[in-house]
Amino acid sequence: MTGRSTRVLIIIPAYNEEENIVRVVEDLRNNYSEYDYIVVNDGSMDDTAKLCQKHNYNLLDLPINLNLAGAFQTGMKYAMYEGYDYAIQYDGDGQHNPSYIAGMIEKAERENLDIVIGSRFVTEKKPFTARMIGNRVISACTRITTGKWIGDPTSGMRMFNARMIKKLATTMNYGPEPDTVAFLIRCGAKVSEYQVTMNERIAGESYLNWSRSIKYMFHMCSSILLVQWFRKRGL
């Protein structure tokens, strides 16, 4: 970017994250104030919204649960209307490390990328564990349909440039998931990965238990292999 500083928005979709949200946002406010952030409370049933209001956090408070895709698109609409250069998908459970954001931005600008994925497996080897089976299968499906290997397709830390912000903010059924990334690659988006390390969840429970993980894998693979061919292509 020339002529002005790069404007970056961290989008934090949050559903029932009362045990984590203060720690996550305080880290950003105290240590990474060069980036803006917005918490999108996705109709939480706990005190997530109340805590954000109490601490005067930047908050979009959805009255009902729209699930991740709806909450994320709400944040992307905000990013588009406010004219941000980059928007970052960022978990509200504390697993993502903001220290990598600067490197992701630098890589995006140096290589003129549309999407940068915070990946655990660029320089680190992906383990052969049951937990990684779905990850590997989704990577293979993406390779089959796009010709590009994404080593960590299920990473929830993704950065999007202004062109992708507009696309994701204004198009229905473009959730922040591997199938959307695969489809955007087919449409001509330039995507690459940046090595990161994920933190362990400190509090609360992940939505993806074993059975949900299996369903998620089959949903993503069927979408990548079949559904995306019926989408209207173009950026």
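**View 1. Helix α4 lies across five strands of the sheet in this predicted model.** Helix α4, formed by residues 101-111, lies across β1 (8-14), β4, β5 (115-119), β6 and β7, and its direction is at about 145° to that of β7.

**View 2. Seven strands form an open sheet with mixed pairing.** Read across the sheet, the strands follow the order β3-β2-β1-β4-β6-β5-β7. Because β3 and β7 (191-195) stand at the edges and each has a single partner strand, one side of each is left without a neighbour in the sheet. From one strand to the next, the twist averages 20°.

**View 3. Strands β2 and β3 run parallel and belong to a β-α-β unit.** Four bridges join β2, which spans residues 36-42, to β3, which spans residues 59-62, and valine 40 has leucine 60 as its bridge partner in β3. Together with helix α2 (residues 48-54), these two strands make a β-α-β unit that is right-handed.

**View 4. Strands β4 and β6 pair in the antiparallel sense.** Four bridges connect β4 (residues 86-89) with β6 (residues 158-161), and the partner of tyrosine 86 in β6 is asparagine 161.

**View 5. Helices α5 and α7 pack against each other.** The axes of α5 (residues 133-146) and α7 (residues 178-186) are 10 Å apart and meet at an angle of about 20°, which means that α5 is roughly parallel to α7. Their crossing is right-handed. On the α5 side the contact is made by Ile138, Thr142, Thr145 and Thr146, and on the α7 side by Pro178, Ala182, Ile185 and Arg186; by class, these comprise four nonpolar, three polar and one charged residues.

Definitions and conventions:
Residues are numbered from 1 along each chain as its sequence is written. This is a predicted model: local features need pLDDT of at least 70, side-chain atom pairs count only at pLDDT 80 or more; totals for chains, interfaces and linings use all residues. Side-chain values use heavy atoms; hydrogens and water are left out. Two strands pair if DSSP finds at least two bridges between them. A crossover is right-handed if, with the strands pointing away from the viewer, the path from the first strand over the helix to the second runs clockwise. Axes are lines fitted to C-alpha atoms, for helices over the stretch in contact, and angles run from 0 to 180 degrees between N-to-C directions. Angles under 35 degrees count as roughly parallel, over 145 as roughly antiparallel, 65 to 115 as roughly perpendicular and the rest as oblique. A crossing is left-handed if the near helix is turned anticlockwise from the far one by less than a right angle, and right-handed if clockwise. Contact means heavy atoms within 4.5 Å. Ala, Val, Leu, Ile, Met, Phe, Trp, Tyr, Cys and Pro count as nonpolar, Asp, Glu, Lys and Arg as charged, and the others, Gly among them, as polar.
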